[in-house]
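Here's a quick rundown on cysteines and aromatic rings. Have a look at the model first, then go through the notes below.

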Amino acid sequence: MNINVGEILGKIWNDSGFAAISSGFFANNGWQSAVMLVISFVLLYLAIVKKFEPLLLVGIAFGCLLTNLPRAGLYHQELWDSFMSEFLVNKETGEYLLNEFGEKIANPLYHSYGEILRHGGLLDIFYIGVKTSLYPCLIFMGVGAMTDFGPLISNPKSMLLGAAAQMGVFAAFIGAIALGFNLNEAASIGIIGGADGPTAIFLTSKLAPHLLGAIAVAAYSYMALIPLIQPPFMRLLTTSKQRKIKMVQSRSVSKTEKIIFPILVAVIVALLLPDTAALVGCLMLGNLFKETGLTDRLSDTVQNALMNIVTILLSTAVGATMVGSNFLTDQTLYIILLGVCAFSLSTIGGLLGGVVMCWLTKGKVNPLIGSAGVSAVPMASRVANVEGQKANPSNFLLMHAMGPNVAGVIGSALAAGFLLSVCQLLG
């Protein structure tokens with residue numbers, strides 16, 4: 001057999017991304033990809049050097065890098081566009097037949113889905129876990145296993161602060177509609193205000209998958225910036241006297257209460273908002289693993305091994321959706337702006353709720369804990385604690401703030417379920 005080394009080397013060169021670049025890939029039709037590569041480097045810098053949510057942002061940035069390299073073939077937007085087009089009701093409004101989508105996305109024998117399995121790349125396969133909402137639910141299971149609901153159980157009133165902190169979700173939802181986004185897109189943008197990355201991904205993957213990259217980056221970026229965004233609002237909306245308030249220690253919560261709570265919440269939420277049953281159910285199952293005292297091995301696995309594996313798959317899959325032609329649009333800029341407005345308004349809503357509760361209890365509640373009503377656990381609680389100690393060095397608000405904080409986790413999931421139900425009804 002004659003081996004033509006020149007032909008082999010020529011084929012390797014012609015199939016390479018270097019050949020695509022030298023033939024004018026970026027100049028002719030891939031300038032968006034070139035810009036996205038730069039953006040991926042910026043995100044890597046923010047994650048590694050500035051330490052902005054590195055556990056997620058490193059994967060998102062690297063997924064963005066891989067998906068925009070010419071001829072890498074790891075993610076195929078056109079296959080997903082073809083799949084989603086079969087459920088499109090109105091191209092102008094972006095309305096989908098969500099029920100049929102839910103049935104067929106889970107069927108690997110379905111024709112268009114089969115095309116993705118047969119011809120898709122590695123990141124296409126990763127992305128299936130996002131599309132089916134598997135990853136966000138597993139992340140919630142890990143969050144549940146790491147969460148102590150004791151502060152919420154001991155002070156049920158803090159649930160009201162978690163609800164007040166969802167104000168930004170619905171304000172941004174209305175604002176997005178006013179700016180011309182369709183119902184599904186507006187709901188996906190609004191949920192950024194919940195400061196809960198998995199919930200944002202869960203809802204966006206169902207309603208507006210073409211916005212997933214921009215919304216995920218916005219959601220996790222603002223979560224990382226909580227120590228910068230929240231303190232100015234805390235000082236603006238509360239008085240020095242209010243920030244100095246020392247709260248009394250909450251009552252101790254029994255083990256029985258901690259076991260009953262996740263079971264009860266799962267039942268109530270599943271009956272009230274079935275669309276949220278997967279998220280809240282996994283959150284409560286993870287917490288039940290932690291609280292029983294009999295499933296420590298499962299709790300440890302969910303908190304560590306499973307959480308780490310799913311984080312890798314989720315972050316790289318989300319980064320893969322940051323294809324230049326989808327990401328570099330006017331919509332992305334609006335999403336970034338609406339996202340910061342949503343997050344800020346959620347912080348304001350929680351603080352105003354705290355001020356009202358402070359007044360109603362005649363100064364027994366420090367309103368700073370209301371800012372922790374957003375779902376960024378436990379960072380929002382730590383920020384509230386730090387601001388309280390600046391006003392009064394002997395003030396310790398961490399455990400008091402954890403009540404609204406974990407209530408915010410549940411509240412953001414309920415808000416997502418409500419928005420999903422609204423979109424299904426009106427769409």
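A residue is called buried when its relative accessible area is under 20%, exposed when over 50%, and partly exposed in between. Keep in mind that this is a predicted model. Searching the whole structure turns up zero disulfides but four aromatic pairs, two of which are picked out here.

**Aromatic pairs**

- One of the four aromatic pairs joins Phe 149 and Phe 261, with 5.2 Å centre to centre and 45° between the planes, which makes the pair tilted.
- That pair ties together distant parts of the chain: Phe 149 sits in the loop between α10 (134-146) and α11 (150-154), while Phe 261 belongs to helix α19 (residues 255-272), 112 residues apart.
- Phe 149 and Phe 261 are both buried.
- Phe 170 and Phe 418 make an edge-to-face pair, because their ring centres are 5.9 Å apart and their planes meet at 70°.
- This pair also links distant parts of the chain, with Phe 170 in helix α13 (residues 167-178) and Phe 418 in helix α25 (residues 398-426), 248 residues apart.
- Phe 170 has 31% relative accessibility, so it counts as partly exposed.
- Phe 418 is partly exposed too, at 42% relative accessibility.

**Cysteines**

- Why is there no bond from Cys 282 to Cys 137? The sulfur of Cys 137 is the closest cysteine sulfur to that of Cys 282, but at 4.6 Å it's too far, since a disulfide needs the two sulfurs within 2.5 Å.
- Cys 282 comes out at 16% relative accessibility, so it counts as buried.
- Cys 64 is buried as well, with 0% relative accessibility.

Notes: Residues are numbered from 1 along each chain as its sequence is written. This is a predicted model: local features need pLDDT of at least 70, side-chain atom pairs count only at pLDDT 80 or more; totals for chains, interfaces and linings use all residues. Side-chain values use heavy atoms; hydrogens and water are left out. Buried means under 20% relative accessible area, exposed over 50%, partly exposed in between (1.4 Å probe, protein chains only). Rings of Phe, Tyr and Trp (its six-membered ring) pair if their centres lie within 6.5 Å; planes under 30 degrees apart count as stacked, over 60 as edge-to-face and the rest as tilted. Helices (H or I, at least four residues) and strands (E, at least two) are DSSP runs, numbered from the N terminus.
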